[in-house]
Amino acid sequence: MEILRAKTATLFSGRPLTGAHRTNSELNMREMEAGATVLESYPRRLVLELTNRCNLNCVMCGRNSATFRPTTLDMVTFRALEPLMDHVEEVTLMGWGEPTVNPGFADMLRTIADHGARAYFCTNGMRLDALADVILDTNVEVFAVSVDGATQESNAAIRRGSDLTRICDSLRSLFSAARERGQEPPWVNFVLCAMRENLAELPAVVRLAHKTGVREVKVVYLTAFDEAQVPSVLWGDAEKIEATFAEAEREAERLGVALKLPYVPGEDPAGAALHRPCYVPWRDFFLGSDGYVRPCMSTSQKLFRFDADADFFDLWNAPAFQRLRETVNREGAMPAQCARCYQSSHCNWNLRSSYLQVGEDFSPEWE
Ligand code: SF4
Ligand code: SF4
């Protein structure tokens, strides 16, 4: 079983793309590889933060450490972006909150499917029963479910309000409903936010995935945003991480579960770089639930306010985007937030700042 590390340049590849989506993705890859700052291609991924609200209250959630004001992306804004879905290969519904609590979530999945784009989302899993039909009707190929323990008790101790038994039952029902329809069940991965309290449970989470029909387990490390979370981070625990990952790898191999692990601190090939090469400003157009365009979900930096009436390419090639493409991979020039990147796919796991952001402006100011 291959141990996957970070996803960066390429996205999930499932059913074949339509002609227009494929043409755009190929052009975008060429422009990205050339380092173009003004793009003729659309992004390959439209990332929409549907809300920063949530139906859970996890102990490590950055929302508890931020100055918070609830915001929700409305259907009018979503509709303004609809024409893009004829070109972008993936529409990702995730950000600071729980996307499935947005009242338009099911309609959004239908719209994305109508345009032949792929939908991807990451959920806490508590609304899967209500969404099973639309997930199958729209043929969602892949989504992620956050799980932070292998038992009802350990998961709920971190993910306050979560019900692991219910989540696993919902997933089993979803998989069997897909088979009854003659459909390939969606590829689901469990995402574990690894911290001192739950690291040892990783092999058991792999077993739980296998028992539930979940095909992959992905691990990200906890980043602490306030003092209370500092004792939980795994910075300085390389040996313990290595031993646990080795055991999880054996279990994954034995059970045929795919495993996506972050680099052990000290072994990230990024060496001493401030982050791994970042493709986000070419690949993604991220819109926050507050109406601001940001480079990605893990930065406080706002590029500009989204204007639904503007021509999309005036936004996509706005001076702020051009500057970001010019500087994001250049030390000394990149935005301060990128210089202490904590985004799990791009940050350098050799650096303390990937684990500890106490006192930093890690979250946008919500308006
Ligand atoms: S499910 Fe996600 S957004 Fe909701 S409280 Fe937990 S970590 Fe925060
Ligand atoms: S914060 Fe990290 S992932 Fe986000 S744009 Fe900057 S370097 Fe890229």
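The exercises below, each with a worked solution, concern a predicted model.

Local features need pLDDT of at least 70 and side-chain atom pairs count only at pLDDT 80 or more, while totals for chains, interfaces and linings use all residues. Residues are numbered from 1 along each chain as its sequence is written, chains are lettered from A and ligands numbered from 1 in the order in which they are written, and side-chain values use heavy atoms, with hydrogens and water left out.

**Exercise 1. The ligand shells**

Task: state which residues surround ligand 1 and ligand 2, and sort each shell by class.

Solution.
1. A residue is near a molecule if one of its heavy atoms lies within 4 Å of it.
2. Around ligand 1 this gives Cys54, Leu56, Asn57, Cys58, Cys61, Arg63, Trp96, Asn124 and Arg159.
3. For ligand 2 the list is His275, Cys278, Pro295, Cys296, Cys338, Cys341, Gln343 and His346.
4. For the classes, Ala, Val, Leu, Ile, Met, Phe, Trp, Tyr, Cys and Pro count as nonpolar, Asp, Glu, Lys and Arg as charged, and the others, Gly among them, as polar.
5. The shell of ligand 1 then has five nonpolar, two polar and two charged residues, and that of ligand 2 has five nonpolar, three polar and no charged residues.

**Exercise 2. Cysteines**

Task: find how many disulfides the structure holds, and decide whether Cys61 and Cys296 are buried or exposed.

Solution.
1. A disulfide is a covalent bond between the sulfur atoms of two cysteines.
2. With the criterion of a pair of cysteine sulfur atoms within 2.5 Å, the structure holds zero disulfides.
3. Buried means under 20% relative accessible area, exposed over 50%, and partly exposed in between (1.4 Å probe, protein chains only).
4. Cys61 has 18% relative accessibility, so Cys61 counts as buried.
5. Cys296 is buried because its relative accessible area is 16%.

**Exercise 3. A helix pair**

Task: describe how H7 and H8 are placed relative to each other.

Solution.
1. Helices (H or I, at least four residues) and strands (E, at least two) are DSSP runs, numbered from the N terminus.
2. Axes are lines fitted to C-alpha atoms, for helices over the stretch in contact, and angles run from 0 to 180 degrees between N-to-C directions.
3. The axes of H7 (residues 202-212) and H8 (residues 238-255) come within 8 Å and cross at roughly 20 degrees.
4. Angles under 35 degrees count as roughly parallel, over 145 as roughly antiparallel, 65 to 115 as roughly perpendicular and the rest as oblique.
5. H7 and H8 are therefore roughly parallel to each other.

**Exercise 4. Strand and loop residues**

Task: give the location and exposure of Thr123, Tyr221 and Ala228.

Solution.
1. Thr123 lies in strand S4 (residues 118-123) and, at 2% relative accessible area, is buried. Its C-alpha atom is 6.2 Å from that of Glu98, 25 residues apart along the chain.
2. Tyr221 belongs to strand S7 and is buried, at 4%. The C-alpha atoms of Tyr221 and Cys193, 28 residues apart along the chain, are separated by 5.4 Å.
3. Ala228 sits in the loop between strand S7 (216-221) and H8; its relative accessibility is 66%, so Ala228 counts as exposed.
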